[in-house]
Amino acid sequence: MQSLVILISGRGSNMQALLEARHRIDRITVISNDPQAVGLEIAKQYGVTTIALDHRGFSERQSFDNALAERIDACQPKLIALAGFMRILSDSFVQRYRNRLLNIHPSLLPAFPGLGTHARALQEGVKIHGCTVHFVTPQLDHGPIVAQAAISVLPDDTEETLAARVLQQEHRIYPQAVRWFMEDRIKLVANRVEVTGTRADETTLFSPGMTG
Ligand code: GRF
């Protein structure tokens, strides 16, 4: 039985991309730290189990993380996928799920970790921007990289247009990376990820031009 847990906080478009693409996954559970998250409603439409665990009911980060870990462990997941989960996770939480916790980040890491990535990319005048799927380590937005997709930054781009084109790419690479993980094709060698049975260029997508 292959089980996947997806953690969300908001609109859940990456979660939806994962739900659409589910492959060799018998059971999916979506957990949100915000009971109002739009993504929870979307998840229900896909008939998967949803859990709302409001972080505001906990006075300390660690007690929330412990409660979250309890819910996750009950699902016995092979993989936990963060999909717009807007919480800093405690080191002990990250350690507990070491090498089976993935995140999608809207920049070409290690550039622009943290928030406001599209605005910062525009400010810096980078010509190429994109998104990254990576393993989660205690250092924020810094773990071994599984896949990346790049797009050209166009002269008239705004934060919104850039975000929209990057998001399209997120929806391509995250399901792909999860699929590789579920098929046991991801190997971590020191800090580098190798994906068996793929050409090197399959883990890096570059889409120049208007449409992304
Ligand atoms: C995405 O841009 C993702 O990269 C970042 O948070 C955003 C979540 O969007 N971590 P959604 O909830 O998946 O639509």
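In this predicted model, the count of enclosed cavities of 30 Å³ or more comes to one, and the volume of this largest cavity is about 60 Å³. Ten names make up its lining, and they can be followed along the chain: Leu-4, Leu-18, Ala-21, Arg-22, His-23 and Ile-25, and then Pro-175, Val-178, Arg-179 and Met-182. Helices H1 and H6 each supply at least two residues of that lining, with H6 providing the largest share, four residues. Sorted by class, the residues around the cavity divide into seven nonpolar, one polar and two charged. Because domain 1 (1-97) and domain 2 (105-212) both give residues to this lining, the largest cavity lies between them.

From the cavity we can turn to the open space of the model. The largest pocket holds about 970 Å³ of space, and the elements that contribute two or more residues to its lining are helix H1 (13-21), strand S5, helix H5 and helix H6. Of these, H6 gives the most, with five residues. In total the pocket is lined by 36 residues, and those that lie nearest its centre are Gly-84, Met-86, Ile-104, Pro-106 and Leu-115. The make-up of the lining by class is 16 nonpolar, 15 polar and five charged residues. As for the domains, at least three residues of the pocket lining are drawn from each of domain 1 (1-97) and domain 2 (105-212).

Helix H5, which is among the elements that give two or more residues to the lining of the pocket, can also be read for the way in which it packs. Within H5 (residues 117-124), the buried residues are Thr-117, His-118 and Ala-121. These three cover an arc of only 100° around the helix axis, which means that they are placed on the same side of H5. The partners against which the buried residues of H5 pack are strand S5 (101-105), strand S6 (128-135) and helix H6 (159-182). Just after the helix, Gly-125 adopts a positive phi of about 70°.

Helix H6 therefore links the three parts of this account: the buried residues of H5 pack against H6, the lining of the largest pocket takes the most from H6, and H6 also provides the largest share of the lining of the largest cavity, which lies between the two domains.

Definitions and conventions. Residues numbered from 1 in each chain as written. Predicted model: local features only at pLDDT ≥ 70, side-chain atom pairs only at ≥ 80, totals over all residues. Heavy atoms only, no water. Buried < 20%, exposed > 50% of the residue type's maximum accessible area, 1.4 Å probe, protein only. Arc of directions from axis to C-beta. Contact = heavy atoms within 4.5 Å. 1 Å grid on protein atoms, 1.4 Å probe; cavity = no way out; pocket = protein on both sides within 12 Å on 5 of 7 lines; lining within 4 Å. Points joined across faces, edges and corners; volume = space filled by probe spheres on them. Nonpolar A, V, L, I, M, F, W, Y, C, P; charged D, E, K, R; others polar. Domains from an automatic or database assignment.
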